Amino acid sequence: MAPILVIGHLTTSTAEAREKIINALSQIMEYAKAKEPGVTKYCITVPQDTEDATSVFVIEEYADQAAFDSHMAPTVLAPILDIFQSEPGLLKSPPAVQTLEPVHGFTRAEIKDVDPFIIIGNLTYKNGTIPQALEGWKSVATATENNETGTFVYSVAKDKVDPAVLVTVEVYQDERYLWDVHAPSDAVQSNKEKHGGIRTGLQHTKLRRVAGYLHKVLS
């Protein structure tokens, strides 16, 4: 079965509330890391922008639907469910969740040993052009894997709700590597030249990891 990528965005009421949420999510992450081999990514992040003291982004990847369904059990999610029930004012609004189907990309084992720069891209395209866009992204992902040792994760995924949206999850050794090595690469520039005209929007979210993992070997 196909893997599943989930990106959750939680907006807390205060900075102190964010720390409580991160603590609860960290408990879930530790359980997933130790007990759930099918949870291949569980990374808790916050914005690089220090002025945003209330956002939490969680990047989760599941080997298949069965792994996702198992993780969603109330017993596994108890730390976060309990804190939501006991302190209902922690969140400013309901979590925003994107459920995605990874199409192209890779993850390097070396990601376990670094404090990486993480960026999520949300891209929108003209109706009916996603297949064309994915051809371009396939070339970028392949060239990136072959040529950029400082790019640790590169995932291109389709949004399961909006057929006009693609999402990228990119992890670099640092931000400078993104702008000095990846962005000016021949593959990226060629993709922009060939397929930039069908794109209608782009939003980047720059993140830093506070807990969790981005790589796990399936047993």
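Leu 134 is found in helix α4 of this predicted model. With a relative accessible area of 10%, Leu 134 is buried, because residues under 20% are counted in that class. Beyond its sequence neighbours up to four places away, Leu 134 touches Val 103, His 104, Val 156, Lys 158 and Leu 166. The points below treat this helix residue, three strand residues, the nonpolar cores, the pockets and one annotated span.

**Helix α4 and Leu 134**

- Helix α4 runs over residues 130-147 and is one of the elements that supply at least two residues to the lining of the largest pocket.
- Leu 134 and Asn 146 are twelve residues apart along the chain, and their C-alpha atoms are separated by 18 Å.

**Val 169 in strand β7**

- Strand β7 spans residues 165-172 and holds Val 169.
- Val 169 has a relative accessible area of 2% and is therefore buried, the limit for this class being under 20%.
- Leaving aside neighbours within four places in sequence, Val 169 is in contact with eight residues that include Leu 5, Ile 7, Ile 59 and Ile 119.- The contacts of Val 169 also include Ile 120, Val 153, Tyr 154 and Ser 155.
- Val 169 and Ala 73 lie 96 residues apart along the chain, with 26 Å between their C-alpha atoms.

**Ser 155 in strand β6**

- Ser 155 has its place in strand β6, which covers residues 151-159.
- The relative accessibility of Ser 155 is 9%, so this residue counts as buried.
- Not counting residues up to four places away in sequence, Ser 155 touches Val 167, Thr 168 and Val 169, together with Leu 5, Pro 102, His 104 and Gly 105.

**Ile 120 in strand β5**

- Ile 120 is placed in strand β5, a strand made of residues 117-125.
- Ile 120 is buried, and its relative accessible area is 3%.
- With residues up to four places away in sequence left out, Ile 120 touches Val 167, Thr 168 and Val 169.
- Other residues touched by Ile 120 are Ile 7, Ile 59, Gln 203, His 204, Thr 205 and Leu 207.
- Ile 120 and Asn 191 are 71 residues apart in sequence, while 18 Å separates them in space from C-alpha to C-alpha.

**The nonpolar cores**

- In soluble globular proteins, nonpolar side chains tend to be buried together.
- The largest nonpolar core in this model has 27 residues, of which Ile 21, Leu 25, Tyr 42, Ile 44, Val 56, Tyr 62 and Ile 80 touch the most other members.
- Two or more residues of this core come from each of β1 (4-11), α1 (15-35), β2 (39-47), β3 (55-62), α2 (65-71), α3 (78-86) and β8 (199-213).
- Helix α1 gives the most to this core, namely eight residues.
- Ile 21 touches Leu 10, Thr 12, Ile 80, Ile 83, Phe 84, Leu 90 and Leu 91, when residues up to four places away in sequence are not counted.
- Another core, of 21 residues, lies apart from the largest one and has Phe 117, Val 140, Leu 178 and Ala 187 among its members.

**The largest pocket**

- The largest pocket holds about 400 Å³ of space.
- Its lining is made of 21 residues, and Trp 137, Val 188, Lys 192, Arg 199 and Leu 202 lie nearest the centre.
- At least two lining residues come from each of β5, α4, β7, α5 (175-182), α6 (186-195) and β8.
- Helix α6 gives the most to this lining, with five residues.
- By class, the lining of the largest pocket consists of eleven nonpolar, seven polar and three charged residues.

**The second largest pocket**

- About 320 Å³ of space lies in the second largest pocket.
- This pocket is lined by 18 residues, and those nearest its centre are Leu 25, Glu 60, Met 72, Ile 80 and Val 97.
- The elements β1, α1, β3, α2 and α3 each supply at least two residues of this lining.
- By class, 15 of the lining residues are nonpolar, two are polar and one is charged.
- Leu 25 and Ile 80 also belong to the residues that touch the most other members of the largest nonpolar core.

**The annotated span**

- An unreviewed UniProt entry carries the annotation "domain: ABM" for residues 4-100.
- In the model, residues 4-100 are 38% helix and 31% strand, and the end C-alpha atoms of this span lie 6 Å apart.

How values were computed:
Residues are numbered from 1 along each chain as its sequence is written. This is a predicted model: local features need pLDDT of at least 70, side-chain atom pairs count only at pLDDT 80 or more; totals for chains, interfaces and linings use all residues. Side-chain values use heavy atoms; hydrogens and water are left out. Helices (H or I, at least four residues) and strands (E, at least two) are DSSP runs, numbered from the N terminus. Buried means under 20% relative accessible area, exposed over 50%, partly exposed in between (1.4 Å probe, protein chains only). Contact means heavy atoms within 4.5 Å. A nonpolar core is a set of buried Ala, Val, Leu, Ile, Met, Phe, Trp, Tyr and Cys residues joined through side-chain atoms within 4.5 Å. On a 1 Å grid over the protein atoms alone, a cavity is a set of points where a 1.4 Å probe fits but cannot get out, and a pocket is an open set with protein on both sides within 12 Å along at least five of seven lines; lining residues have an atom within 4 Å of a point. Grid points are joined across faces, edges and corners, and a volume is the space filled by probe spheres set on the points. Ala, Val, Leu, Ile, Met, Phe, Trp, Tyr, Cys and Pro count as nonpolar, Asp, Glu, Lys and Arg as charged, and the others, Gly among them, as polar. UniProt positions are given in the numbering used here, feature names are shortened, and annotations may be inferred rather than shown by experiment.
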